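Open the model in your viewer and keep the selection box handy. We will move from one stop to the next, picking residues as we go.

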Amino acid sequence: MTTTDTGVNQSTIDPRVPIVNDFSIVAATENGSGSQTANNTLIRAIFKMGISVSGKNLFPSNIQGLPTWYTIRVSHHGYTARREQAEILVAFNPRTSEEDLTKLPSGGVCVHPDDLKFAQPRSDVVYYPIPVKELIKQINPPQNLRDYLANMAYVGVLTELLGIDRAQIEAALMHHFKGKRKAVDLNLAMVDLAMQYTRANLPKQDPFSVAPLNMTSGQILIDGNTAAGIGAVVGGVSVVAWYPITPSTSLVDAITEYAPKLRPAVDDKVNYAIVQAEDELAAAGIIVGAGWAGCRAMTATSGPGISLMNEFGGLAYFAEVPIVIWDIMRMGPSTGLPTRVSQGDILSAYYLGHGDSQHVCLLPGSMRECFEFAGTAFDLADRLQTPVMVLSDLDLGMNNWMTDPFDYPEQPMDRGKVLHTEAFEAFLAEKGSWGRYRDIDGDGITYRTILGNQHPRAAWLGRGTGHNENAVYSERNDDWQRNMDRLTRKHNTARTLVPAPLVEHQPGARVGIIAYGSTHDAVREARDYLRAHGVESSYIRLRALPLNDDVTAFMAQYDEVYVVEMNQDCQMMQLLAAHAPVHAGKMRPVNLCDGLPLTAVFVLNRILQHRNAL
């Protein structure tokens, strides 16, 4: 904390002043210990009490044993961004407990097993020790379940201390275990024992509590990868080829789970294929072939996979084959930090492929957009006959978010300028001839045929080498230049078709903020903090590349423009400067690349630092 201590971001907590629905809990455990069940139970129970809540999982890239931290933010303001400090610590990992304890504010709370001894205990923290091993003995579960049940002890303690509705804890367990009563009762037994112990032996000494609200009525909890997977099924996906990579694997898992439910087999036949390829290169090749054949084809990957898909991305761009690539961005370069968040693939995705290529990129910033952009990506890929990248990230993709339920699309799928047999015959009758790469309408988008067209003149050879308007191999410089000019024209057409940015103009503001993706929640909160400092701001959230005139107009209106992003090289700011060079001088970076979701306090402080330097 450097500039502000607002609301819950306090360095010292007064135990005499109640703090209701406005704090954070961090559960420090070991990866693979089953703590996700405990954490998801808490977040779902609080959510079902009508309280705005969000969860951020900081986990290692191994399978088991290393430290993991799960932060639950409770906010009656409706804030969902990560906070830089948590008031309540669940210290269930001896290897990190000393450091975790130092991060608590004065007056904070530490819940821990009673056999965990701190080498440097703090006198300004409230301790709630739990006899976890004794409680386990009372339940006497199977040996392989003991570690899992141990985590439910802190669920019981927090339920009692904070006033969480015990009925909602049970309902959350029923949801998690899909109604399997035996598993629910076993976990609930530990919760009840811990509640009883707390009631009898741990008098409350802290000001934190929850109280029912009506902020989540009608909403659901979901992660972005699941939302995207459902959206892809609804959006008409027919071929999925992929290779497992964190943090995108769960997107394809969601398609695998929901496709049989939403698109059930007819006469034991399904109308989709999900193929695990031997690597990302093969996955890209499969979807290029499927897209050429007329399928709605997609893959899901992350930064290292994008690198391997570079050549096939260029092929699909130049041969004009519609495909969709979901990039759930993580920390790079190289293998980087596989389980940390980043927005570091903006430039590599936008310019995927060698030579001159620029791709359509969608930038979802909410669960609804993760769902909707799955279908939008297919529509744009078909209409523009080009690869479409969807750039989500680990925070959106793998963490729990509140959202309104999704609506089934009202509009039919947009397959673009596809000529089937009869339409092809009519086209020839009107135009006289057809060329696969001939621009008839002046928008850079040509007419295509796909497999199944019975007309003898409908065939064409897709190639990544030079070709003329008729898809015939050519090394003529005029053919090449004509083709590249048309692709540029098509990219400019894409500017008018991609999702427009969302703009919030504040009357009298001199400050404009530009952001995209999962940074939105930190920006939304930071604008309130800026207002408290007497700084009004306007805000534009980018939702797609290429950028359009709305962005230029926004930048022109403000004396100071701050670009918020999670990468080291200010990648979006580079694209903004190239798009509107006349306004490049007024842009200031608000960027961070530490692998953690952005906080409102960071955004606030960085903007104030820039303003103080003006």
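**First stop: a sheet of six**

Select L58 and look across to β4, where W69 stands opposite. Bear in mind throughout that this is a predicted model. Now extend the selection to whole strands. β3 pairs with strand β4 (residues 67-75) over 6 bridges, in the antiparallel sense. In general, strands of a sheet pair through backbone hydrogen bonds, either parallel or antiparallel.

Add the rest of this sheet. It is open, has 6 strands and runs in the order β3-β4-β2-β5-β6-β7, with mixed pairing. Which strands stand at the edges? They are β3 (53-58) and β7 (126-130); each has a single partner strand, so one side of each is left without a neighbour in the sheet. Sight along the sheet: neighbouring strands are turned by 15° against each other on average, direction ignored.

**Second stop: colour by domain**

Colour four ranges: domain 1 (19-209), domain 2 (222-403), domain 3 (421-494) and domain 4 (502-613). Between the centres of domain 2 and domain 4, taken over C-alpha atoms, there are 27 Å. Their contact takes 24 residues from domain 2 and 24 residues from domain 4. Keep the colours on for the next stops.

**Third stop: the largest pocket**

Select N40, H175, D223, T226 and N400. Of the 30 residues that line the largest pocket, these five lie nearest its centre. The space there comes to about 980 Å³.

Which domains supply the lining? Domain 1 (19-209) and domain 2 (222-403) each give at least three residues. Now show the secondary structure. Each of α1 (35-48), α5 (166-176), β9 (220-223), α8 (249-262) and α14 (394-398) supplies at least two lining residues. The largest share, 8 residues, comes from α1. Colour the lining by class and you get 11 nonpolar, 13 polar and 6 charged residues.

**Fourth stop: the largest cavity**

How many cavities of 30 Å³ or more does the structure hold? There are 6. Start with the largest, with about 70 Å³ of space. Select its lining: Y317, Q358, H359, V360, L384, T386, L487, K490, H491 and A494.

With the domain colours on, look for domain 2 (222-403) and domain 3 (421-494), since each gives at least three residues to this lining. Helix α16 (residues 477-497) makes the largest share, with 4 residues. By class, the lining of this cavity has 5 nonpolar, 4 polar and 1 charged residues.

**Fifth stop: the second largest cavity**

Select V498, P499, P501, L542, R543, A544, P546, L547, N548 and V551, which line the second largest cavity. Its space is about 50 Å³. The lining has 8 nonpolar, 1 polar and 1 charged residues.

Stay on P546. A cis peptide bond joins L545 to P546, with omega about 10°. P546 is in the loop between β21 (544-545) and α18 (549-556).

**Sixth stop: a sheet of five**

Select L502 and then R541 in β20, which stands opposite. Here β18 and strand β20 (residues 537-542) run antiparallel and are joined by 3 bridges.

Show the full sheet. It is open, with 5 strands in the order β18-β20-β19-β22-β23 and mixed pairing. β18 (502-504) and β23 (587-591) are the edge strands, each pairing on one side only. Neighbouring strands of this sheet are turned by 20° against each other on average, direction ignored.

Now add two helices. Helix α17 (residues 520-532) packs on the sheet and touches β18, β19 (511-516), β20 and β22 (560-565). The direction of α17 makes about 175° with that of β20. Helix α20 (residues 600-613) also packs on the sheet, touching β19, β22 and β23. The direction of α20 makes about 150° with that of β23.

**Last stop: two backbone details**

Most residues other than glycine have a negative phi, and most peptide bonds are trans. Two more places to check against that follow.

- Select G332 and P333: a cis peptide bond joins them, with omega about 10°. P333 is in the loop between β13 (323-331) and β14 (337-341).
- Select N140: its phi is near 55°, a positive value in a residue other than glycine. N140 is in the loop between α3 (132-139) and α4 (146-162).

Key. Residues are numbered from 1 along each chain as its sequence is written. This is a predicted model: local features need pLDDT of at least 70, side-chain atom pairs count only at pLDDT 80 or more; totals for chains, interfaces and linings use all residues. Side-chain values use heavy atoms; hydrogens and water are left out. On a 1 Å grid over the protein atoms alone, a cavity is a set of points where a 1.4 Å probe fits but cannot get out, and a pocket is an open set with protein on both sides within 12 Å along at least five of seven lines; lining residues have an atom within 4 Å of a point. Grid points are joined across faces, edges and corners, and a volume is the space filled by probe spheres set on the points. Ala, Val, Leu, Ile, Met, Phe, Trp, Tyr, Cys and Pro count as nonpolar, Asp, Glu, Lys and Arg as charged, and the others, Gly among them, as polar. Domain bounds come from an automatic or database domain assignment. Two strands pair if DSSP finds at least two bridges between them. Axes are lines fitted to C-alpha atoms, for helices over the stretch in contact, and angles run from 0 to 180 degrees between N-to-C directions. Contact means heavy atoms within 4.5 Å.
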